[in-house]
Amino acid sequence: MARKSKPIFYITTPIYYVNDVPHIGHAYTTIIADALARFKKLAGYDVFFLTGTDEHGQKVEKAAAEKGLKPLELADKVVVRFKDLWEALNISYDYFIRTTEPNHEKGVQTLFKKLADKGDIYKGTYKGWYCVSNEHFLADDVPLEKEGTKICPECNIQATIIEEATYFFRLSAYAQPLLDFYAKNPNFVRPPSRMNEVVSFVRSGLKDLSITRTTVKWGIPVPGDPVHTIYVWFDALHNYLTGIGYDRNMVRFKKYWPATLHLIGKDILRFHAIFWPAFLMAAGFPPPECVYGHGWWLKDNTKMSKSRGNVLDPYAIIKPFGQDPLRYFLLREIPIGHDGNFSHEGFLHRVNSDLANDLGNLVHRTLTMIRNYFQGKIGLRENETPEDEKIREDFAGLKARVFDLYNGYAVSRALEEIWVYIGAVNKYLAENAPWKLAKDAAKRARLARVLYQAAAAIRGVSFLVYPVMPASAQKIWNYLGERGALEKHSFAELDFNGLKPGQLMMEPTPLFPRVDLKEFLAEEAKPAAPLPTPAEPNKTEGIMDYISFDEFKKMDLRVAHILKAEKVEGTQKLLKLQIDIGTEQRQIVAGIAETYKPEDLVGKKLVVIVNLKPAVIRGVESQGMLLAAVINDKAIIPFFEGDVPVGAQVK
Ligand code: MSP
């Protein structure tokens with residue numbers, strides 16, 4: 001019998017300009033997209049998540065010249081900054097597209113030619129006010145200043161007059177088809193208020209659009225007329241097609257197009273809600289299902305942007321707090337669609353109260369009690385009383401509501417609901433006071449029920465927060481003794497009683513660090529890390545290759561405890577070790593059999609790099625690496641003496 005294919009969810013972020021390094025605003029769009037992509041996977045969808053960089057055009061050309069670089073050299077540097085940030089934020093994109101990729105360039109030329117052959121692109125002359133920063137011509141109704149110039153209303157920068165031979169896209173012919181399309185698809189633009197904005201713009205009339213430049217060298221050449229380069233927006237929008245294989249892997253392209261959701265900032269709504277569906281109609285492709293224009297992060301009540309110089313470096317938050325508090329804050333603080341003002345105090349307050357106090361303490365208290373009173377395993381429990389039943393039933397209601405909210409892209413509301421439930425579980429614990437029950441041997445079954453209820457609620461909560469805080473959710477999942485990746489489970493199968501009785505739970509380490517406000521505010525004063533300047537001669541060449549402290553900090557070194565050791569069959573040197581790293585059990589393979597007998601290793605504590613990419617060694621998976629000195633080809637492991645807690649960080 002043929003397997004039923006999964007429904008498709010194709011989500012995109014805008015592709016970011018490479019004229020400067022990423023800031024919180026870019027991180028925001030990408031984090032929303034990641035949370036929705038992760039949710040849809042749990043909901044059983046076949047997800048494709050595309051992000052990338054917009055590398056052509058005058059803005060990049062100019063920024064590169066200012067830095068003494070070629071445009072592609074600048075792009076190569078900045079792309080690394082984007083990719084590193086996405087890794088630091090745990091972004092699970094499926095493909096990162098660069099518009100300088102030959103596949104993309106070829107695809108755009110094919111589409112340009114297709115539209116030209118059809119008569120929707122024609123040659124003419126254009127004269128108009130052009131904003132280099134935003135890469136677009138100003139609308140006619142932008143007023144002249146006293147000096148006879150025009151200022152771009154979006155970025156406050158003076159525009160310049162451009163007159164040139166150009167190719168036009170016949171946008172005027174698509175005004176009516178667009179209006180018909182909007183009428184039939186009222187959810188095409190969200191939030192709804194933005195739909196009205198788009199409709200009235202189109203109703204006021206559309207002029208043909210200049211889509212090539214002769215003044216800009218850094219762009220894709222027009223096929224057959226290479227003195228013209230293709231306008232950066234025509235080029236960029238088509239990434240949504242080439243990124244899933246247009247003109248190269250048509251099977252994949254047909255599988256995922258039309259996109260389910262283009263997530264964008266409200267600043268680029270017109271390009272996505274007017275030009276883009278018109279280009280697609282001209283090419284004979286259906287428009288995307290939805291363009292969602294989210295609000296802006298402001299600093300001191302103005303939009304964070306490079307041209308205003310008020311951007312916030314995401315690492316100023318990630319370094320002291322880790323990735324999940326930033327993900328949580330950005331998604332919790334404002335509904336998608338509203339603007340939000342970023343303040344360090346506001347951030348710290350939310351992290352301390354929601355994450356450290358409400359969720360962090362709940363997990364810590366509950367698991368510590370289960371370890372202390374039941375050696376980590378809850379066995380026989382008393383039957384549910386009405387208040388226990390309420391905790392279970394409320395979870396079922398919560399699960400259904402959170403599903404609908406995530407599904408409707410209302411992430412902030414979903415989190416709000418989850419935190420109401422966390423509050424109720426904290427209250428339940430306070431009222432049932434398991435620490436008092438523990439003093440009375442006759443109340444052990446009751447104690448077990450209360451702690452089981454709390455642990456089952458925590459398990460459910462960890463699943464529900466996973467799209468927003470994937471790493472913390474996975475940690476909690478493992479603390480509860482669940483094996484494997486949380487993302488392998490589905491929303492449909494999630495059940496309060498899915499927590500198996502008798503499962504061994506771990507000792508938790510604090511989930512969310514507390515950071516001192518003063519220290520944190522000092523970070524705010526620091527400017528974002530600049531781009532590396534052109535390479536200087538390496539002064540230490542021949543002595544030692546230094547790595548930066550940041551590079552060192554990427555390594556997660558932990559105290560691990562060896563639970564089991566055995567030889568890897570068919571090898572002389574390899575041992576397979578089962579180790580406890582505090583949060584979970586891992587397997588590692590190490591070339592130490594010539595120095596150590598398996599039985600001598602069990603019970604020893606040593607240092608392991610736990611965030612090394614897993615590798616398969618002689619057919620056996622190794623999920624980390626131990627540290628050892630290698631003397632005359634033999635490994636000598638430094639073991640810890642005394643009472644060192646398992647899972648402690650080594651730094
Ligand atoms: N390259 C174009 C997009 C082409 S898509 C086919 C572009 N790039 S951008 O780097 O300037 O900005 C892209 C997006 O970054 C914005 O649409 C928005 O999603 C996000 N943000 C940039 N600054 C922002 C804030 N201050 N706040 C929230 N998001 C913002 O435009």
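A residue is taken as buried when its relative accessible area is under 20%, as exposed when this value is over 50%, and as partly exposed in between. The structure analysed here is a predicted model. By the criterion just given, Y409 counts as buried, because its relative accessibility is 9%. Y409 is located in the loop between helix 14 (386-407) and helix 15 (411-432). Although Y409 is not a glycine, its phi is positive, at about 65 degrees.

A second residue with this backbone feature is D247, which is not a glycine and has a positive phi of about 75 degrees. D247 is placed in the loop between helix 8 (239-242) and helix 9. With a relative accessible area of 24%, D247 does not fall under the 20% limit and is therefore partly exposed. For context, most residues other than glycine have a negative phi, and most peptide bonds are trans.

Cis peptide bonds were found at two prolines described here. The bond from R190 to P191 is cis, with omega near -5 degrees. P191 belongs to the loop between strand 8 (189-190) and helix 6 (192-203). W257 and P258 are likewise joined by a cis peptide bond, for which omega is about 5 degrees. P258 is part of the loop between helix 9 (250-256) and strand 12 (261-265).

At the level of the whole chain, 21 helices and 25 strands were assigned. The chain has 651 residues, for which a compact globule would have a radius of gyration near 26 Å; the value of 28 Å for the chain agrees with this. Along the principal axes, the C-alpha atoms fill a box of roughly 90 × 70 × 60 Å. Of the 651 residues, 53% are buried. Among contacts in the chain with a separation of 6 or more, 74% are accounted for by residues 24 or more positions apart.

The accessible surface of the chain amounts to about 29,900 Å², and carbon and sulfur atoms contribute 53% of this area. The chain carries 84 positive and 78 negative charges, and the mean positions of the two sets lie 3 Å apart.

No disulfides were found in a search of the whole structure. Two cysteines were examined for accessibility. C131 has a relative accessible area of 0% and is therefore buried. C152 is also buried, with a relative accessible area of 0%.

Two strand residues in the C-terminal numbering range were considered next. I579 lies in strand 18 (residues 575-580) and counts as buried, because its relative accessibility is 1%. Apart from residues up to four places away in sequence, I579 touches A560, H561, I562, L563, E584, Q585, R586, I588 and V608. The C-alpha atoms of I579 and R381 are 31 Å apart in space, and the two residues are 198 residues apart in sequence.

I609 is found in strand 20 (residues 605-609). The relative accessible area of I609 is 8%, so this residue is buried. When neighbours within four places in sequence are left aside, the contacts of I609 are M555, D556, L557, G624, M625 and L627. I609 and R413, which are 196 residues apart along the chain, have C-alpha atoms separated by 38 Å.

Two further positions, N352 and T302, are described by element, accessibility and contacts. N352 is situated in helix 13 (residues 344-374). At 19% relative accessibility, N352 is under the 20% limit and so counts as buried. Beyond its neighbours within four places in sequence, N352 makes contact with N357 and R514.

T302 belongs to strand 15 (residues 302-303). T302 is partly exposed, because its relative accessible area of 38% lies between the limits of 20% and 50%. With neighbours within four places in sequence left aside, T302 is in contact with W297, R308 and N310. The C-alpha atoms of T302 and T12 are separated by 26 Å, the two residues being 290 residues apart along the chain.

Key: Residues are numbered from 1 along each chain as its sequence is written. This is a predicted model: local features need pLDDT of at least 70, side-chain atom pairs count only at pLDDT 80 or more; totals for chains, interfaces and linings use all residues. Side-chain values use heavy atoms; hydrogens and water are left out. Helices (H or I, at least four residues) and strands (E, at least two) are DSSP runs, numbered from the N terminus. The radius of gyration is taken over C-alpha atoms; the globule rule is 2.2 Å times the number of residues to the power 0.38. Buried means under 20% relative accessible area, exposed over 50%, partly exposed in between (1.4 Å probe, protein chains only). Contact means heavy atoms within 4.5 Å. Accessible areas come from the Shrake-Rupley method with a 1.4 Å probe; for residues, only the protein chains shown count as cover. Lys and Arg count as positive and Asp and Glu as negative; His and the chain ends are not counted. The place of a charge is taken as NZ of Lys, CZ of Arg, CG of Asp or CD of Glu. A disulfide is a pair of cysteine sulfur atoms within 2.5 Å.
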